[in-house]
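Open the model in your viewer and keep the selection panel at hand. This tour goes stop by stop: what to select, then what is there.

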Amino acid sequence: MIQDISPHLFDNSYKDRKPEAGDRIFFYQGRSTLLSKATGLPFTYEEVDRLCPVETIPSVYLFSIDGRGYFWGRVMPKAVLSEGILVGDRHFRDMQPEWEAFSCITASQLHSFYHEHQFCGCCGAPALPDEKERAMRCPVCGKIVYPVISPAVIVGVTHGDRLLLTKYSRPGSVKFYALVAGYTEIGESLEDTVRREVMEEVGLRVKNIRFYKSQPWSFSGSLLSGFYCDLDGDDETVRLQEDELSEATWYDRSDLPEGGSSISLTHEMIERFRMGPV
Ligand SMILES: [Zn+2]
């Protein structure tokens, strides 16, 4: 999965520090990420410093990988823009190496958080990145906002040797098979979300809900929790939520379609079911 970057080491603890030699610096235009035209990767400190002194660029520390700091450059110098290419988040689904794709999509989600909380939601004053922790702080009323992460579930609905696969109906959505999935609502446990989403999307009752693994999924700003569960009863008849899904089909373990992206929890859960009982 995209977060499995071993032997590289992701360090998410917040540090109050400035960019130095060897670090990486992200710049953004709207929601697009600027990558180095020369390498197709995030700009290095050295690449940026050659075009504009890094110490003159206001920056925010994001995280480290293998001890190397990753920063958001809050102002994009024109000279850097001319040496870069702007890409959307989808670019990072197939980017190589995969561990650097993980750094890019994680940085993009953090940038979105900072960008979307530039003004205090309580008093409307301009807010600023906090210098002590990963948060936005209002200098007028003191309101602190932490990164927003939306919990969601991925559900492998099983019936003996069969797994229920779905396809989204939204234009532009991923074309390969998926599993039942959806966001957790306020006031709901993850298990409640599993039961509700399965009922809403395919009209089935489920039992024996069991947690599999979780995954940070910055493409949608979410934290995914993967569950398997069993069909409650023997009636496999699907009632499809057509504005959400175009298809929901039961597949035997030996007949599951091949394909999909290895970066996703959905793919891993389908492949895990193919190997045997879950
Ligand atoms: Zn305020």
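The stops below run from the whole chain to single residues.

**The whole chain**

Start with everything shown as a cartoon. This is a predicted model. The secondary structure comes to five helices and 16 strands. Show the C-alpha atoms alone, and they fill a box of roughly 65 × 45 × 35 Å along the principal axes. Colour by burial next: of the 278 residues, 32% are buried. Among contacts with a separation of 6 or more, 61% join residues 24 or more positions apart.

**Two domains**

Select 10-116, then 150-275. These are domain 1 and domain 2 in the domain assignment. Their centres, taken over C-alpha atoms, are 33 Å apart. Domain 1 puts eight residues into the contact, and domain 2 puts in five. Which classes of residue make up the side of domain 1 that touches domain 2? That side has one nonpolar, four polar and three charged residues.

**The largest nonpolar core**

Now select I154, V155, V157, L179, V180, A181 and V198. These residues have the most contacts inside the largest nonpolar core, which has 58 residues. Add helix α3, residues 98-116: α3 supplies six residues, the largest share of this core. Where does the core lie with respect to the two domains? Both domain 1 and domain 2 give residues to the core, so it lies between them. As background, nonpolar side chains tend to be buried together in soluble globular proteins.

Centre on V180. Set aside its neighbours within four places in sequence. V180 is then in contact with V155, V157, L164, T166, E197, V198, E201 and V202.

**Helix α4**

Select 190-202. This is helix α4, with 13 residues. Pick the two end C-alpha atoms: they are 18 Å apart, which agrees with the 18 Å expected at 1.5 Å a residue. Show side chains for T193, V194, R195, E197, V198, E201 and V202, the buried residues of α4. They pack against β11, β12, β13 (180-183), β14, β15 and β16 (245-252). Step past the end of the helix to G203, which has a positive phi near 70°.

**Helix α5**

Select 265-275 for helix α5, where L265, T266, M269, I270 and F273 are buried. Look down the axis. The buried residues fall within an arc of 140°, so they line one face of the helix. What do they pack against? The partners are the strands β11 (150-159), β12 (162-168), β14 (206-217) and β15 (222-231). G276 follows α5, and its phi is positive, near 155°.

**F92 and its loop**

Go to F92, in the loop between β7 (84-87) and α3. Is F92 buried or exposed? F92 is buried, because 24 other C-beta atoms lie within 10 Å and the cut-off for buried is 20 or more. Beyond its neighbours within four places in sequence, F92 is in contact with A101, C104 and I105. Draw a distance from F92 to D255 as well. The two are 163 residues apart along the chain, and their C-alpha atoms are separated by 30 Å.

**Two cis peptide bonds**

Stay in the loop between β7 and α3 and select P97. The peptide bond from Q96 to P97 is cis, with omega near -10°. Then move to P7, in the segment before β1 (10-11). The bond from S6 to P7 is also cis, with omega near 10°.

**Two positive phi values**

Most residues other than glycine have a negative phi, and most peptide bonds are trans. Keep that in mind for the last two picks.

Select D66, in the loop between β5 (59-65) and β6 (68-73). D66 is not a glycine, yet its phi is positive, about 55°. D66 is exposed, because 12 other C-beta atoms lie within 10 Å and the cut-off for exposed is 12 or fewer.

Finish on N208, in strand β14. N208 has a positive phi of about 50° although it is not a glycine. With 11 other C-beta atoms within 10 Å, N208 is exposed.

Methods: Residues numbered from 1 in each chain as written. Predicted model: local features only at pLDDT ≥ 70, side-chain atom pairs only at ≥ 80, totals over all residues. Core = buried A, V, L, I, M, F, W, Y, C linked by C-beta atoms within 7 Å. Helix = DSSP H or I, 4+ residues; strand = E, 2+ residues; numbered from the N terminus. Domains from an automatic or database assignment. Contact = placed C-beta atoms within 7 Å. Nonpolar A, V, L, I, M, F, W, Y, C, P; charged D, E, K, R; others polar. Arc of directions from axis to C-beta. Expected span 1.5 Å × (residues − 1).
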